[in-house]
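Me: I'd like a close look at a single part of this structure. Please pick one site, show how the chain builds it, and then take me on to a neighbouring stretch of sequence.

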Amino acid sequence: MADKELTRGAQLRETLIYKRKNAYDRVSESELQAMEDYCTGYKQFLDAGKTERECVDRTVALAQAAGFKPYERGMDLKPGDRVYRVNRGKAVMLAVMGKKGLDCGVNIAAAHIDSPRLDLKQNPLYEAEELGYFKTHYYGGVRKYQWLAVPLELRGAVALRDGSVVRVCIGSGEGEPRFVINDLLPHLGAEQAKKLMADAVPGENLNILVGSRPLADDDGADRVKLTVLELLHEKYGIVEEDFISAELCAVPAFNASDIGFDRSLIGAYGHDDRVCAYASLAALLELGTPERTAICMLADKEEIGSEGVSGMQSSAFDTFMEDLCAGQNVSLSACYEKSFCLSADVTAAYDPNYAEVYEKRNSAFVNYGMGLCKYTGARGKSGASDASAEVVAYVRRVLDEAGVAWQMAELGRVDAGGGGTVACYMANRNIDTIDAGVPVLSMHAPFETVGKLDCYMTYRGMSAIFNA
Ligand code: MN
Ligand code: MN
């Protein structure tokens, strides 16, 4: 049938109605291969980095391999130069210098590399009825029941009085022991099962089982605890008091894996927000010399409000940018007012099993591409930076021109809940900012799920923004 034979209704439908499309219906075979290759790198990144410190280490290794150098204040930089600065081992900023001066602004992708987990308390180790335990304090928004009866590994750092830092990573290597928080058996769980989900597992019950073997030939107290301490001393040279200046995290002891017969999804701990951190990083590492300087900011502490010296509210970012600007005699505020930021963070993917908390017309769907979020927040957009219509239009254009599959996303129904990102902290700096990232199923669970195509499209989206 020739075009002219289209009915008036069909023509109007074609030109007027917004059609959303599954991205699998618009990608080529070669793109699908590129997606697989990209996701292989992403899964490796996830397995290597289960804490922000580890993500920083991995980022620095990848950056150095891609020709990035540690930035030193006062360094002379020219277009195409690639530098990074680590903030206290927990956040990292990378830059590829553009052809244009910093007075023209920069393109920023800001993601976070901390994820919900269970932190050990500062005095964690105790023995109860000849079982050894670690006390924990959960970090970020966790549904506590999800952390019971799953294998855990221990990662983190112990800072010793002499200033040295011992890194800890136990449970991920072949044959290494793991840890667990035990759950109640259903046979005795009837009373607990009547409680509200939020109250059923008290935070002080999230105690990790770490041993059961009493010290031999000894009739003193705490023989199990003593055995654990002896093993820790042998392996790491630490004593109980050293826990006081330690940051040890219990994280899920499973690595990233493909999900589904068709392997179209990835299940892993910490997609939020390493899926966007890796997308931003991968896009930056392969940049040539962009028009405007490109910045990748990987922040810590987003899950607890972006506070603190390594969070997005810290002026560590401003100091880095100010140092770059000083090299070109540009004021930081002049650079910021012309800059653009993608707050690269995940969004909730529509889950047909929990349809009641979503509003279908404005939800992000798995495999529909990078999710753009004009606003986040809760109770009437409270806490959102609410990107302007002009900013949304700009991003639409850039992504369309680059052939990136994208969709609009809102985190659930109005008043169903809500959430925030680093977007408001970037916008508060007078930088035009919009949230964009990968839709996630089971967000904040020990094992989250994302679509490979959305991961890949988000990476492509980051590239498009850096090259805009
Ligand atoms: Mn996040
Ligand atoms: Mn989160």
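**Around the manganese ions**

Reply: Happy to start with glutamate 303, which has 13% relative accessibility and therefore counts as buried, the cut-off being under 20%. Bear in mind throughout that this is a predicted model.

Glutamate 303 belongs to the site of the manganese ion (ligand 2), whose protein donors are Asp272 (OD), Glu303 (OE), Glu303 (OE) and His444 (NE2). These donors lie 2.0 to 2.6 Å from the ion. Along the sequence, the donor residues are spaced D-x30-E-x140-H. Glutamate 303 sits in the loop between β13 (293-299) and α8 (316-326), while histidine 444 sits in the loop between β21 (439-441) and β22 (448-451), so this pair ties together parts that are 141 residues apart in sequence. Histidine 444 is buried too, with a relative accessible area of 17%.

Aspartate 272 takes us to the other ion: this residue bridges the manganese ion (ligand 2) and the manganese ion (ligand 1), which lie 3.4 Å apart. For the manganese ion (ligand 1), the protein donors are His112 (NE2), Asp272 (OD), Asp345 (OD) and Asp345 (OD), at 2.1 to 2.6 Å. Their spacing along the chain reads H-x159-D-x72-D. Here again distant parts of the chain are linked: aspartate 272 is in helix α7 (residues 271-285) and aspartate 345 in the loop between β14 (340-344) and β15 (347-348), 73 residues apart. Both aspartate 272 and aspartate 345 are buried.

Now for helix α12, made up of residues 452-466. Its 15 residues reach 21 Å from first C-alpha to last, close to the 21 Å expected at 1.5 Å a residue. Of the 15 residues of α12, 15 are buried, so the helix is largely enclosed by the rest of the structure.

One partner of α12 is helix α2 (residues 29-48): the two axes come within 9 Å and cross at roughly 90°. The two helices are therefore roughly perpendicular to each other. On the α2 side, the contact uses Glu31, Leu32, Ala34, Met35, Glu36, Tyr38, Cys39, Tyr42 and Lys43. On the α12 side are Lys452, Leu453, Cys455, Tyr456, Met457, Tyr459 and Arg460. By residue class, this contact divides into 11 nonpolar, no polar and 5 charged.

Note on methods:
Residues numbered from 1 in each chain as written. Chains lettered and ligands numbered in written order. Predicted model: local features only at pLDDT ≥ 70, side-chain atom pairs only at ≥ 80, totals over all residues. Heavy atoms only, no water. Donors = N, O, S within 2.8 Å, 3.2 Å for Na, K, Ca; no water. Helix = DSSP H or I, 4+ residues; strand = E, 2+ residues; numbered from the N terminus. Buried < 20%, exposed > 50% of the residue type's maximum accessible area, 1.4 Å probe, protein only. Expected span 1.5 Å × (residues − 1). Axes fitted to C-alpha atoms, helices over the stretch in contact; angles between N-to-C directions. Parallel < 35°, antiparallel > 145°, perpendicular 65-115°, else oblique. Contact = heavy atoms within 4.5 Å. Nonpolar A, V, L, I, M, F, W, Y, C, P; charged D, E, K, R; others polar.
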